[in-house]
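Hi,

Here is the structure I mentioned, with the sequence alongside. Could you have a look at it before reading my notes below?

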Amino acid sequence: MAAQVTTPATQTFIITTQIGRLDKVLSQLAGITRSQAQSAIIDHRVTVNGQDVKKRDELAAGDKVTFVPKTPTPIALVPEDIPLDIVYEDDDVIVVNKPQGMVVHPAPGHPDHTLVNALLAHSPLSTINGSLRPGIVHRIDKDTSGLLMVAKNDLAHQSLSAQLKAKTNERQYIALVHGVISEDDGTVDAPIGRSPKDRKKMAIVKDGRPAVTHFHVIKRYQQYTLISCRLETGRTHQIRVHMAYIGHPLAGDPLYGPKKTLPGNGQYLTAQTLGFVHPRTGKTMRFEIPLPAWFNKMLKQLDEQENK
């Protein structure tokens, strides 16, 4: 354990029983990744007992560690003329098919070329979700493709957000996972939170937020299973974490999957079906898209291998 005293600009930790390599301990204490801790040490933003240190230095009980967080670079949100695959649009909502590899909204490390930048060049958006996430009601990961609902005004945003909270909307994904799932249908009900071991990852943790994923087997291959997943909740990386938890990580997943996996640009996961009640008309809207070409190409290869 360690006692913490925090000022607005710095974080100071007095080491009591948590000893070991500086970069590892700092990562745990400051809630940052190991690489971020190492960068801070290299940038001379970390001292131990007032002295400059190296990442491999060992900490002992009584040491005073001072850490100065890096000041984030302000992000200027600007419209960008990026093509959009719009599935549906009216005065209130946009349903867009996000391609694999595109980040949904600006964040540190991804200041531009996001879906929000493209949407701003296309239409006015709601303001409820802040200056960096206008119009964004829900998100999908960078390397997950598929359908997203976007609010063009605050009335629409409030309605769509309420539907998400009440779990009345429909969100169904198609995923290709490692291993052969024996059950035709199943449910994973396990709480998800930030991993205590790796801050880049989410994990099943006792005090995490409730998360429920229902899955159905579409097709079994020799080493993989094609499934559909229906979400009751929308936690970060939910399908990826839940399927890895039951021993069937997503194919191509660089974060939760095995090193030996199918080639590609990320996990084989796409948000294929989206349904909600229109915020103004009250009409039930449902949209479904075909699997992207890169996904279908891999399934065709697996089919060919099965038929040899």
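**The second largest pocket and its helices**

In this predicted model, the lining of the second largest pocket is made up of two nonpolar, five polar and six charged residues. Here Ala, Val, Leu, Ile, Met, Phe, Trp, Tyr, Cys and Pro are the nonpolar ones, Asp, Glu, Lys and Arg are charged, and the others, Gly among them, are polar. The volume of that pocket is about 260 Å³. Its lining has 13 residues, and Ser27, Arg34, Lys197, Asp198 and Arg199 are the closest to the centre. Two elements give two or more residues each to this lining: helix 1 (22-30) and helix 2 (34-42). Helix 1 has the largest share, with three residues.

A word on terms: a pocket is an open set of points on a 1 Å grid over the protein atoms alone, where a 1.4 Å probe fits and protein lies on both sides within 12 Å along at least five of seven lines; lining residues have an atom within 4 Å of a point. The points are joined across faces, edges and corners, and the volume is the space filled by probe spheres set on them. Helices (H or I, at least four residues) and strands (E, at least two) are DSSP runs numbered from the N terminus.

How do helix 1 and helix 2 pack? Their angle is about 115° and their axes are 8 Å apart (axes are lines fitted to C-alpha atoms over the stretch in contact, with angles from 0 to 180 degrees between N-to-C directions). On the helix 1 side, Leu22, Asp23, Lys24, Leu26 and Ser27 make the contact; on the helix 2 side, Arg34, Ala37, Gln38 and Ile41 do. Contact here means heavy atoms within 4.5 Å. By type, these contact residues are four nonpolar, two polar and three charged.

Helix 1 is mostly covered, as seven of its nine residues are buried, where buried means under 20% relative accessible area, exposed over 50%, and partly exposed in between (1.4 Å probe, protein chains only). The buried ones are Leu22, Asp23, Val25, Leu26, Ser27, Leu29 and Ala30. Right after helix 1 comes Gly31, with a positive phi near 70°.

**Elsewhere in the chain**

Two other residues caught my eye. His44 has a positive phi of about 60° without being a glycine; the residue sits in the loop between helix 2 and strand 4 (46-48) and is exposed at 55% relative accessible area. Lys167, also not a glycine, has a positive phi of about 60°. The loop between helix 4 (154-166) and strand 11 (170-178) holds Lys167, which is partly exposed at 47%.

What does Asn97 touch beyond its neighbours within four places in sequence? Asn97, in strand 9 (residues 93-98), is in contact with Asp85, Val87, Gly146, Leu147 and Ile289. Asn97 is also 9.0 Å from Gln272, C-alpha to C-alpha, though 175 residues separate them in sequence.

**The whole protein**

There are six helices and 18 strands. The C-alpha atoms fill a box of roughly 60 × 50 × 35 Å along the principal axes. Of the 308 residues, 47% are buried. Among contacts with a separation of 6 or more, 62% join residues 24 or more positions apart.

**How to read the values**

Numbering runs from 1 along each chain as its sequence is written, and side-chain values use heavy atoms, leaving out hydrogens and water. Since this is a predicted model, local features need pLDDT of at least 70 and side-chain atom pairs count only at pLDDT 80 or more, while totals for chains, interfaces and linings use all residues.

Cheers
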